[in-house]
Amino acid sequence: MKFYKFISVMLHPIVIPTIGIILYFLLIPSGFNSNQKYAVLGLIFVTTYIIPLVILILFKKLKLIKSFKAESIKERKVPIAMMIVLFYLLGNTLKDISNLFDLGLLFYATTLGLIFIYIFFAFKIKASLHLLSLGLTTSFFIILNYIYNENLNIIIIGCLLLAGMLGTARLHLKAHTQTEVYLGFLFGFISPLIVFYIL
């Protein structure tokens with residue numbers, strides 16, 4: 001059980017974006033110097049990690065959520081609505097920066113994925129945010145593989161393996177049903193495909 005908790009914490013949805021962007025800068029030619037990369041990475045880290053963490057802490061102090069896991073649909077609605085706005089604004093910011101259009105589209109895709117999650121609430125389905133984040137990452141690197149003709153197969157396979165491990169962990173922890181795990185990954189996976197196709 002400790003192993004499954006460890007996997008869930010290490011691959012938490014607010015951690016994955018920063019890891020993905022680090023891999024992006026390491027693997028994809030961007031034309032940025034180190035300071036510029038650190039600045040972009042810092043912006044993304046603050047927006048996708050620090051701000052969500054502060055929101056969760058604030059909501060817990062206000063007793064709007066019982067724990068940082070925000071286990072019920074009711075507890076998740078407002079934080080996710082705020083994340084939709086936050087990620088959309090981040091996408092808007094990044095797409096207008098030269099050589100960062102890819103990352104702008106990624107965060108638009110994340111916004112779309114979160115909208116899907118929110119829609120599922122109406123059907124009493126709590127789709128997995130953990131698997132959504134890994135679905136987004138997997139699809140994003142598949143798209144980059146196609147655009148830049150880089151050999152990113154190891155990253156893609158790694159993402160799929162991690163998704164399998166994470167899905168198993170979430171099921172063992174009884175955090176989600178199989179349907180919620182599959183829906184999280186599926187709609188995370190298709191969101192970048194939709195956004196990159198349209199834009």
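## Helix H3: length and kink

Start with helix H3, which runs over residues 34-61 of this predicted model. Does its length add up, or fall short? With 28 residues at 1.5 Å a residue, H3 should span 40 Å, and its end C-alpha atoms sit 38 Å apart, so the two figures agree. H3 also has a kink of about 35 degrees, with Val-46 at its centre.

Now for the two ends. At the start of H3, Asn-33 brings a side-chain oxygen to within 3.1 Å of the backbone nitrogen of Asn-35. Just after H3, you'll find Lys-63 with a positive phi of about 65 degrees.

## What H3 hides, and what hides it

Which residues of H3 are buried? They are Val-40, Leu-41, Ile-44, Thr-47, Thr-48, Pro-52, Ile-55, Leu-56 and Phe-59. The cover over these buried residues of H3 includes helix H2 (16-27), helix H4 (73-95) and helix H5 (101-121).

## The nonpolar cores

Nonpolar side chains tend to be buried together in soluble globular proteins. Here, the largest nonpolar core has 48 residues, and the members that touch the most others are Ile-21, Leu-94, Leu-103, Phe-107 and Phe-140. At least two residues of this core come from each of H2, H3, H4, H5, helix H6 (129-148), helix H7 (153-172) and H8. Which helix gives the most to this core? That's H5, with 12 residues.

Leu-103 is a handy residue to click on. Leaving out residues up to four places away in sequence, Leu-103 touches Ile-21, Tyr-24, Phe-25, Val-40, Ile-44, Leu-94 and Phe-140. Two of the names in that list, Val-40 and Ile-44, also turn up among the buried residues of H3. Apart from the largest core lies another one, of 10 residues, including Ile-7, Ile-16, Leu-131 and Leu-166.

## Ser-8 in helix H1

Over in helix H1 you'll find Ser-8. Is Ser-8 buried or exposed? Its relative accessible area is 6%, so Ser-8 counts as buried. Ser-8 touches His-130, Leu-166, Ala-169, Arg-170 and Leu-173, again not counting residues up to four places away in sequence. One of these, Leu-166, is also a member of the 10-residue core.

## How confident is the prediction?

The chain averages a pLDDT of 91, and 98% of the residues score at least 70. Where in the chain is confidence lowest, and where is it highest? The lowest is in helix H1 (residues 2-10), with a mean of 87, while the highest is in helix H8 (residues 178-198), at 96. Ser-8, then, belongs to the helix where confidence is lowest.

Note on methods. Residues numbered from 1 in each chain as written. Predicted model: local features only at pLDDT ≥ 70, side-chain atom pairs only at ≥ 80, totals over all residues. Heavy atoms only, no water. Helix = DSSP H or I, 4+ residues; strand = E, 2+ residues; numbered from the N terminus. Expected span 1.5 Å × (residues − 1). Bend = angle between axes of the 7 residues up to and from the residue. Buried < 20%, exposed > 50% of the residue type's maximum accessible area, 1.4 Å probe, protein only. Contact = heavy atoms within 4.5 Å. Polar contact = N/O pair within 3.5 Å; in protein donor to acceptor, adjacent residues only side chain to side chain. pLDDT = per-residue confidence, 0-100. Core = buried A, V, L, I, M, F, W, Y, C linked by side-chain atoms within 4.5 Å.
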